Amino acid sequence: MKNAVIGNNKQKANLIVLGAVPRLLYLLQQETSSTELRTECAVVLGSLAMGTENNVKSLLDCHIIPALLQGLLSPDLKFIEACLRCLRTIFTSPVTPEELLYTDATVIPHLMALLSRSRYTQEYICQIFSHCCKGPDHQTILFNHGAVQNIAHLLVSTSYKVRMQALKCFSVLAFENPQVSMTLVNVLVDGELLPQIFVKMLQRDKPIEMQLTSAKCLTYMCRAGAIRTDDNCIVLKTLPCLVRMCSKERLLEERVEGAETLAYLIETDVELQRIASITDHLIAMLADYFKYPSSVSAITDIKRLDHDLKHAHELRQAAFKLYASLGANDEDIRKKIIETENMMDRIVNGLSESSIKVRLAAVRCLHSLSRSVQQLRTSFQDHAVWKPLMKVLQNAPDEILVVASSTLCNLLLEFSPSKEPILESGAVELLCSLTQSENLALRVNGIWALMNMAFQAEQKIKSDILRGLSTEQLFQLLSDSDVNVLMKTLGLLRNLLSTRPHIDHIMSSHGKQIMQAVTLILEGEHNIEVKEQTLCILANIADGTTAKELIMTNDDILQKIKYYMSHSNAKLQLAAMFCISNLVWNEEEGSQERQDKLRDMGIVDILHKLSQSSDPNLCDKAKTALQQYLA
């Protein structure tokens with residue numbers, strides 16, 4: 001059987017159909033079977049698992065994993081190795097659920113104990129761990145069972161395969177995990193710290209796979225806060241190694257992995273972004289990522305074209321991701337990226353790609369570049385980027401919507417020429433619907449974009465926004481548990497209530513509800529910034545011609561303004577003073593009655609006190625308000 005199935009998928013499938021698997025498993029588990037027979041059974045099963053994904057599914061359906069795990073309790077090393085080799089093949093298949101390794105709590109500690117048995121047990125167990133460690137829960141289980149201590153010394157094994165699998169283990173254990181990363185920094189192996197061992201493995205004379213994986217380990221430890229971003233091992237070793245991986249000489253898979261890891265390394269650090277951007281002409285080097293598949297290879301080598309096609313999506317995704325990280329903060333880098341050949345066309349095409357990963361990466365790249373005032377006014381306008389972006393926003397999964405709506409926020413800033421056409425293409429409706437999303441990031445972006453849209457806008461746009469949102473939804477947003485949503489909603493109100501005719505117009509139709517909302521917030525448990533923003537809205541209302549009366553006839557609100565004039569926080573005092581100044585301004589109709597009412601409330605006494613304040617802003621504002629009384 002063994003000889004028949006080696007390298008022959010058709011024969012493997014035939015044997016499975018003929019019912020060989022249950023029989024092999026029966027013999028494997030029989031106490032009466034000789035160790036040699038049981039070992040041969042494990043070998044044949046391992047060979048069947050090497051076939052198609054359907055083969056692996058058939059093996060899983062016959063409960064092969066518990067049988068093999070049971071086999072690991074045998075005293076015979078050859079049998080243990082055969083079981084582990086088969087388990088390794090099954091667990092590295094995409095159809096096997098990782099959870100199957102963790103269902104029995106005794107399995108992980110037993111595997112840790114088997115690590116010292118032979119170089120094969122080391123290689124297979126490390127490979128099983130690195131494939132089955134998905135997410136923080138698995139990392140914690142492995143960490144708590146001593147994975148770091150048990151695997152560290154394997155990095156200096158005489159076997160390359162063992163060293164490599166141990167290295168891969170550390171890369172999955174450290175990913176986004178501060179606890180593991182902080183531990184790794186201080187681990188000693190033969191008198192050398194782990195980061196030093198990783199740096200040695202980065203050297204150019206080491207195999208590429210080893211260079212890449214150790215660069216990943218150092219990257220993940222750096223992002224988890226265990227290594228500083230300005231540490232030499234990052235700036236002089238890891239970063240240059242990853243840039244090298246992006247070059248034409250490397251295989252397509254290596255270029256993808258290199259670019260994605262580098263994008264992650266520099267994502268949040270301005271200095272690393274600057275260093276990467278001037279290393280080995282990286283920005284120009286990435287332009288090559290868009291040149292696959294090249295039509296030339298189509299004629300000469302079908303196999304090669306197949307390979308290129310498979311990786312074309314991955315290459316474009318990786319390039320977009322890295323461009324997004326490079327351009328996240330620096331204006332000069334963004335300029336260089338946009339000036340790269342056909343860059344804007346590539347991004348625009350990327351927004352409508354069939355692959356969701358490429359679309360997401362293209363939107364990320366666009367978002368990064370949209371932080372540039374200069375580019376919003378030039379390249380973004382020349383390529384009418386807003387059109388494909390609005391299309392993406394029509395129906396996309398949440399992860400794309402979040403980045404796309406963030407980009408839209410930037411395109412709606414008042415100096416962006418795209419603002420007008422976006423408004424005409426039905427953006428108000430779209431953004432109002434985003435504010436009702438369950439997803440917090442989408443709610444924030446929806447309201448943020450509306451806030452940008454309302455800034456210095458015409459009355460018609462402001463009315464459209466208020467209509468689209470509905471009073472009910474506005475209240476919903478003002479009572480949102482997230483402070484970002486609340487702040488952006490107040491920012492929107494403040495932008496809607498600017499310029500006198502607009503203030504009067506909006507307050508004549510929505511005054512009652514807006515005053516209700518303002519009262520609610522000033523009475524609620526909110527931070528200084530929220531209250532300050534709310535008082536600024538009141539100051540805007542107080543600037544209206546007819547809207548003023550909504551404050552003057554509301555004793556509750558007047559008492560609140562008076563309270564905040566004497567507050568311990570200067571920002572709140574100042575905001576309350578703006579309200580008073582606008583109410584007592586004597587060039588406006590009815591100013592005398594307003595001044596008298598406020599004097600009776602004791603406002604003038606507070607103004608006299610504040611005119612002696614050590615805060616120059618408060619002092620000036622109080623004196624100006626008092627002059628209105630004297631004039």
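Okay, let me start with the second largest pocket: by class, its lining has eight nonpolar, four polar and one charged residues. Keep in mind that we're looking at a predicted model here.

So how much space lies in this second largest pocket? About 240 Å³. There are 13 residues lining it, and if you want to find its centre on screen, look for Pro 66, Leu 69, Gln 70, Asp 104 and Val 107, which are the closest to that point. Two elements each give two or more residues to this lining: α6, running 64-71, and α8, running 107-114. Of the elements, α6 gives the most, with four residues.

Now, on to the largest pocket. The space in this one comes to about 1500 Å³. Its lining is made of 41 residues, and the ones nearest the centre are Phe 175, Lys 216, Tyr 220, Glu 260 and Thr 261.

Which elements give two or more residues to that lining? Here's the list, going along the chain: α9 (119-132), α10 (136-144), α12 (160-174), α15 (208-223), α17 (252-266), α21 (302-326), α24 (356-369) and α28 (398-411). If you only colour one of them, try α17, since that helix gives the most to the lining of the largest pocket, eight residues.

And what about the classes this time? The lining of the largest pocket splits into 13 nonpolar, 13 polar and 15 charged residues. Put that beside the second largest pocket, where one residue of the lining is charged and eight are nonpolar.

That's my tour of the two pockets. Have a go at finding them yourselves!

Key:
Residues numbered from 1 in each chain as written. Predicted model: local features only at pLDDT ≥ 70, side-chain atom pairs only at ≥ 80, totals over all residues. Heavy atoms only, no water. 1 Å grid on protein atoms, 1.4 Å probe; cavity = no way out; pocket = protein on both sides within 12 Å on 5 of 7 lines; lining within 4 Å. Points joined across faces, edges and corners; volume = space filled by probe spheres on them. Nonpolar A, V, L, I, M, F, W, Y, C, P; charged D, E, K, R; others polar.
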